[in-house]
Amino acid sequence: MTTSKLVKTIIFIVLLIGASCYLGIICQQIGGLGDTILSLSIDALYPFLWLLLALGLVAITAGLVAALVRPLWLCFVAFALSSLAALFLWGLNLIGIGLAVIYFLAGLIYSLGVAKGLKERIAFSLRPIRENQTILLTVMIIAACACFYSGYAAQIEREGFSIPPVAINMVMEIAEGQIEASADLTPEQREQVMAEFREQFEQQVENTIKPYQQFIPIGIAVMMLSILMTVITLVSWLPILILRAVFAILGVCHVTTVVTETQEVERLIID
């Protein structure tokens with residue numbers, strides 16, 4: 001391997017590691033959302049928009065590594081280093097180690113699939129990358145949802161489950177409307193009735209939910225997984241489109257070049 005090729009290979013590997021680190025940071029942020037995600041506020045949306053960006057960056061850099069970095073064992077090294085980088089951000093715990101291992105295995109399967117697909121084609125195509133990126137994106141989404149579950153479960157264990165203020169306010173608005181329509185009360189009496197109703201409502205809901213509060217994080221994580229998988233299915237074409245432009249730019253900048261190879265083909269025919 002020439003020095004120029006080695007430098008380019010290292011750059012592509014570093015880009016993948018950097019994208020994986022960014023993904024780990026975003027997963028950390030999602031893990032700290034906790035009750036914020038139930039508040040239905042715009043603040044809960046931003047981390048998921050950054051997550052989509054992180055998924056796209058990993059998909060693009062992984063595509064570059066899987067298609068260009070050779071020999072193939074260097075791809076394995078790249079994904080191993082990326083997994084370790086993400087692991088330090090996810091945390092050295094059982095969930096973090098499990099996610100890092102799954103991410104590494106997904107990278108191996110992805111690299112092998114892309115390499116095999118490119119080898120079987122006569123001309124270079126992005127189709128093998130498109131066909132194999134699903135497993136990589138799925139694992140990254142699972143990692144984000146697992147980080148949310150881990151963080152929210154720990155929060156509930158420490159503090160217990162609290163009803164989102166937005167849900168309480170919605171119920172109180174409905175109750176206030178019914179009280180105003182059904183009773184002729186002074187403002188002071190109405191305020192006292194609403195305060196008593198609010199206290200009773202919060203106590204009743206907490207008593208009902210408390211025995212099952214440990215299942216709330218995993219339930220939300222599963223719903224999150226379903227939503228994110230749907231979104232990724234709809235926008236999975238975007239990393240491929242960007243990769244097409246990136247490969248074109250790399251060719252113009254003479255970072256990559258097209259090599260034509262002549263191979264002997266053996267066939268069995270009637271003599």
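Which residues does Gln133 touch, not counting residues up to four places away in sequence?

1. **Gln133 and its contacts.** The model discussed here is a predicted one, and the opening question is a good way into it. Gln133 touches Ala59, Tyr110, Ser236, Pro239 and Ile240, once residues up to four places away in sequence are left out. Gln133 itself lies in helix α5, and with a relative accessibility of 4% it counts as buried, because buried means under 20% relative accessible area.

2. **The overall make-up.** The secondary structure of the protein consists of nine helices and zero strands, so that a reader who follows the chain from the N terminus passes through the elements α-α-α-α-α-α-α-α-α. Several of these helices come back in the points below, among them α1, which covers residues 3–31, α5, which covers residues 127–159, and α8, which covers residues 216–235.

3. **Dimensions.** For a compact globule of 271 residues one would expect a radius of gyration near 18 Å, whereas the protein has 26 Å. The extent of the C-alpha trace can be set beside that value, since along the principal axes it spans about 100 × 45 × 35 Å.

4. **Surface and interior.** Of the 271 residues in the protein, 38% count as buried. The area that the protein exposes comes to about 16400 Å², and carbon and sulfur atoms supply 65% of it. As for how the chain meets itself, among the contacts between residues at least 6 apart in sequence, 79% join residues at least 24 apart.

5. **Charges.** The protein has 14 positive and 20 negative charges, and the mean positions of these two groups are 23 Å apart. Side chains of opposite charge can pair when their charged atoms come close. In this model the count comes to one salt bridge, which is the subject of the next point.

6. **The salt bridge in helix α5.** Glu131 forms a salt bridge with Arg127, and the closest N and O atoms of the pair are 2.7 Å apart. The two residues are separated by about one helical turn, because they stand four residues apart in helix α5. Glu131 counts as partly exposed at 49% relative accessibility, and Arg127 is also partly exposed, with a relative accessible area of 40%.

7. **Two backbone features.** Most residues other than glycine have a negative phi, and most peptide bonds are trans. Against that background, a student may wish to look at the bond between Arg70 and Pro71, which is a cis peptide bond with an omega of about 5°; Pro71 has its place in the loop between α2 (46–68) and α3 (72–90). The second feature is at His254, which is not a glycine and yet has a positive phi of about 60°. His254 is located in the segment after α9 (237–252), and with a relative accessible area of 65% it is exposed.

8. **Ile216 at the start of α8.** Ile216 lies in helix α8, whose residues are 216–235, and it is buried, with a relative accessible area of 18%. Leaving aside residues up to four places away in sequence, Ile216 touches Tyr152, Ile156, Phe161 and Ile209. The C-alpha atom of Ile216 is separated by 27 Å from that of Leu136, a residue 80 places away along the chain.

9. **Residue pairs along the chain and in space.** Three further pairs show how separation in sequence and separation in space can be read side by side. Gly18, found in helix α1 and partly exposed at 37% relative accessibility, is 233 residues from Gly251 along the chain, and their C-alpha atoms are separated by 23 Å. Ile242, which lies in helix α9 and is partly exposed with a relative accessible area of 36%, is 137 residues from Leu105 in sequence and 25 Å from it in space, C-alpha to C-alpha. Finally, Ile270 has its place in the segment after α9 and is exposed, with a relative accessible area of 83%; Ile270 and Gly63 are 207 residues apart along the chain, with 43 Å between their C-alpha atoms.

Key:
Residues numbered from 1 in each chain as written. Predicted model: local features only at pLDDT ≥ 70, side-chain atom pairs only at ≥ 80, totals over all residues. Heavy atoms only, no water. Rg over C-alpha atoms; globule rule 2.2 N^0.38 Å. Buried < 20%, exposed > 50% of the residue type's maximum accessible area, 1.4 Å probe, protein only. Contact = heavy atoms within 4.5 Å. Areas by Shrake-Rupley, 256 points an atom, 1.4 Å probe, with all protein chains shown as cover. Lys, Arg positive; Asp, Glu negative; His and termini not counted. Charge placed at Lys NZ, Arg CZ, Asp CG, Glu CD. Salt bridge = Lys/Arg side-chain N within 4 Å of Asp/Glu carboxyl O.
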